[in-house]
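Let us walk through this structure together, one feature at a time. Keep the coordinates open as you read, and pause wherever a contact catches your eye.

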Amino acid sequence: MDGRAALVTAEMTLDWAEYSIGDLFPAAASLHFPSVDYLGLTFNARDYSGPWGTRYLGITTDGRVFGLGDFTQGRLEQFETIDYWAPQVLQDWCRVRPADCNAGATGYSNGTPVPPAGTVLDRSDFSNNGAALAVVLEDGSRVDLGAQPAGFGMELEREAGFDAEALAALARRPELQATGSLRGLYVLGSKNVTALKPVFRIPAQDAAGLNPDTLAVLRLGAAVVDGVMDHEHEALLPVARDAQGRLSFVDPLFRDGLYATSDATQAAQRTRARALRARARTSVDDYDWVGGARYILTTFQNDLNWKREPALVRMVADPALVGSGGRRPATAAELATLARQPICNLVLLVHGHNEEEKAGYTQGNAAAPWEFGYKKRVWDLLYQQVLATDLSGKPLYPHACTAFYEFIYPSYRAIYSPVSAKGGGVQETLGEALGRLVGEEVKSNSQLSRMLDNAMPLNTLIVGHSQGGLVARAGLRFMPTKFKAQVKRLVTWGTPHHGAALISMRFAMQAGHDLVIDGYRLPLQNLVQTGVAWMQLDTPGTRDLRLSLRQKDRMNLRAMFPTLDAAAETALAPTLYSANLDEFNTNIGTREIDPGPSYSFLTGTKQGSATVEHEDASGAWWLLFRGQQVAKFAASSGTEKGATLNRLLLKGGSQTSDGAAPLFSQQAAGLYGPEAIDLGDVDHEEFYGSEPAQRNAASLAKGRLAADRSLNKGRLDAADSACPSIDALKLSATGSDQLTVSGRALFPRLASTPGRSGALIQRVEARVGSVEGSVIPGLSFQYDANGQFSASADSSAVPPGNVAVLVVLKDGSQMQGLVQQETSGYTGVVRLFEPATVFENRDGRLRAELSHINYEGAALKCAVTLDWALPTSHTQPLQMRIVRLLTRDGVQVNETFFLKYLSYSGPVLPVGDGTYARRVAQMIDPPTTRTNTALGNQLDLSALPPPRIESETIARRPLMTIEVLGLCGARNTTAMRFDYEWRSAAGGGGAPSSPVPAGGTSKRGRAG
């Protein structure tokens, strides 16, 4: 099968759901309905009955995916469309229907885990003098234990199947799948245990067919964490692979899970020691301690941070959502609308590492990847700043003509390094995926493609946080040249351009070397368990964040890791440091951008540090064997711990960091064209306002500062980044029977070269009444190189009323303007106080549309037409009609709306004999007539309040305000205010000194 989304059917998607989300939709409990009607929709559906009741999953004929049941609180809820899920279905299909796969399958294909053996293998051995020992099983499993200060014994066991304890541990980590057999190691001995670091080898067949980059060992066994023995401790250990495919790992936690046989104070520990002694089954009689742990080889191939396909999502900056992220993905209908709007700026946002996502949003904590945790929070403040206004309400940034994209990706994949793949191939890196998706967008987005083909100016800004800065740089190498040429600025926030010392430290510790501070040991599990959680899983993405090999002399490893002697450091160097990052940082001027944009590297420095205290040695027997531990990190934040560790791990002059990335790495010292901007006391998370635990007014202020600096460096606040507009638009009489429409297409980006403006224009046209009206053929426009345009026609060729002018650009977008042919009398427009797209707004008519993407679990669309006629005589009533067409998920509904309130002050009109009248009314629930039609729910009103007779002319405008309850499916009120002014044929303004009934015409115009 190939990778085209068109191949994905409803049946395939339902099958895939049963495979990937089997806890919600177990295949064994399913009942199929090839066709079923519900709430006016036809579904291909399945139901799943069980202890929870009945759950439903269905797909409509137009490809919308719906769920109903306890997981939706009993409401029918849409979960995107087949097109949305298609990449994931295609990626996983080889596991859903292996027979359908062939050599042409693409993406990250995952193999099938190896089932556990059904027989037990075990072997014990004993070293009388403490000499090094190796135990080997018949299947090739092996444990090597170096020399110890006294005699010791150990047993290695391969168990049959998985017992309840192992299954429970795996259930707590749904992102992991077990492969191969469970193994246990049990050791007993005496005296010092600092050298107790067992090295394991596992036969390659335990991971047969699996991608080796998705392997980790789940360790089940006791360990001391922050001075307290955790009897049920679980940890993930990295797996190495040699040239022959053999797997190995080190257990650096084993010595922290020992039980003293002489401890008379803890009955539970005595019991555990005896149980382990019985398991060990060796001939050792005199011993001080005993310990044991069990190991399960696993794959994280199902982890969302690995398997989810990267996506490039077009976002809509939405003021209505400024309190909850400020944006939403553009719908298919909105993309068509956006294509008609000129683009001056493009902002591409690339998030950083997201270890948190391994919890998965399929459990119901987010509807889509971009909404999950950090991946959403990281850009919230930036969108808030984009949507901010000044005191007059004017936008600070031109978001109306700015295209926003977010690259959303699985953090565990390689950023730039070649990664081994099933079958010996090389899998796509995140940089390649970003470049590919940008290329696909350029091809499929006709507006963007035409802009680039016609050299239309486009100010492109790329912003990356942390790992995202490296992903963005890697992506630039694979983007189309014509797009890359439009990138004017790359801004990174706290990006480790030279790698991070903390990642290299983690590999040293997991190889079994002790981090020692002032003579006291800080164990690995104290870091992992108390907040530096993002370091716990060894992935290709993590390995790409190691300190670069060229920067290794900045590390203080030999001082901080006493057991890491010269020979050990040389042997471990390929694991500790990244030679790939050195290659990545070579000749970047020709690889990334040539001649290149400016780089702006936003840097921060974490001033606070973690509290480091020595543990009390009294009462904890195991401290006698390994020395006191530096353990009191629990009260500090993750960035405080990171800042402390960076100061210890790095040599003088390189020790400053933001709590994750060293300052010299954030600054990208020595790289092409850098501009480092110091934000001061800003930690790694404060670039975006921090995580909720540390999120406060101070951190949010720092996040807004980072956002503003980025937008400023991208010149989004510059005058030449403003949206294009039609300037000096007017309709004028050029003779007794001639009209001329003229104006100028103004492109702020071309302010210094206005002679290029005409080259961006495809045509200029005039339309009757509004931009959706018919073209006025009599007005044939000419335009020059500066964008000046004009057209003249006989007045009889131009219908009375408004004239809309469209300047159609070569990318297919439109600049719009409106000129109003003035008539004697009152004229005006309406302000609609609810976020809506207004298609027509003129005297006597308003047409608008409002969409709720997710309104009580449904997609609501509301089209409103409002027609009214002001009285031209004091005997005429105010007449109004509201027609509202409401659809829910594309199905028309006729929910009732109410005209709640009307306030109307009529115009001053002649009664006769030098007297005038005006009518005043304020009505609650005014009488109306309601009709349901195919066009929607229709409300008619005719109001004639009593006249108030005046003896002199009073210059008053008509005033009208109406409030409609439930107009567009909302429970709140929609308010409309009518703004009127007097216009006469002579062009005067205000109310007349001698009222003239409406009806006279003039061919003078006014720019709208």
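The paragraphs below take up salt bridges, strand pairing, a helix and a pocket in turn.

Please keep in mind from the start that this is a predicted model. A good place to begin is with charge. Side chains of opposite charge can pair when their charged atoms come close. Here the count comes to 46 salt bridges, and a few of them deserve a closer look.

Start with Arg 294, which sits in strand E19 (residues 289-299). Which acidic residue does Arg 294 meet at 2.6 Å? That partner is Asp 163, and the 2.6 Å is the separation of the closest N and O atoms in this salt bridge. Asp 163 belongs to the loop between strand E9 (152-158) and helix H3 (164-171), so to speak of this pair is to speak of distant parts of the chain, with the two positions 131 residues apart in numbering terms. Arg 294 also forms a salt bridge with Glu 165, at 2.4 Å from N to O. Because Glu 165 lies in helix H3 and Arg 294 in strand E19, this pair ties together parts that are 129 residues apart in sequence. The burial of the partners is worth checking too. Arg 294 is buried, because its relative accessible area is 8% and the cut-off for burial is under 20%. Asp 163, at 32% relative accessibility, counts as partly exposed, and Glu 165 is partly exposed as well, with a relative accessible area of 41%.

Two further examples round off the charged contacts. Glu 11, Asp 15, Glu 18 and Arg 46 are joined into one network by salt bridges that share partners. Elsewhere, Arg 142 pairs with Asp 144 in a salt bridge whose closest N and O atoms are 2.7 Å apart; Arg 142 is partly exposed, with a relative accessible area of 33%.

Now turn to the strands. Strand E1 (residues 30-38) pairs with strand E2 (residues 41-50) in the antiparallel sense, over seven bridges. Within this pairing, Asp 37 has Thr 42 in E2 as its bridge partner. The hairpin of E1 and E2 has two residues between the strands, and there Leu 39 takes a positive phi near 50 degrees.

Further along the chain, look for an open sheet of four strands with antiparallel pairing, in the order E30-E31-E34-E33. Strand E30 (725-733) and strand E33 (782-783) are its edge strands, each pairing on one side only. E33 meets strand E34 (residues 788-794) in the antiparallel sense over two bridges, and Phe 789 in E34 is the bridge partner of Tyr 783.

Is helix H10 (residues 467-476) buried or exposed? In H10, 10 of the 10 residues are buried, so the helix is largely enclosed by the rest of the structure. Among these buried residues are Leu 470, Val 471 and Leu 476, and also Arg 473.

Finally, consider empty space. Rolling a probe the size of a water molecule over the atoms shows where empty space is left. The second largest pocket has a volume of about 940 Å³. Its lining has 35 residues, of which Val 239, Ala 240, Asp 538, Arg 543 and Thr 575 lie nearest the centre. Elements giving two or more residues to this lining include strand E16 (240-241), strand E17 (247-250) and helix H12 (501-510). Helix H16 gives the most to the lining of the second largest pocket, with five residues. By character, the lining of this pocket divides into 21 nonpolar, eight polar and six charged residues.

Terms used:
Residues are numbered from 1 along each chain as its sequence is written. This is a predicted model: local features need pLDDT of at least 70, side-chain atom pairs count only at pLDDT 80 or more; totals for chains, interfaces and linings use all residues. Side-chain values use heavy atoms; hydrogens and water are left out. A salt bridge is a side-chain nitrogen of Lys or Arg within 4 Å of a carboxyl oxygen of Asp or Glu. Buried means under 20% relative accessible area, exposed over 50%, partly exposed in between (1.4 Å probe, protein chains only). Two strands pair if DSSP finds at least two bridges between them. On a 1 Å grid over the protein atoms alone, a cavity is a set of points where a 1.4 Å probe fits but cannot get out, and a pocket is an open set with protein on both sides within 12 Å along at least five of seven lines; lining residues have an atom within 4 Å of a point. Grid points are joined across faces, edges and corners, and a volume is the space filled by probe spheres set on the points. Ala, Val, Leu, Ile, Met, Phe, Trp, Tyr, Cys and Pro count as nonpolar, Asp, Glu, Lys and Arg as charged, and the others, Gly among them, as polar.
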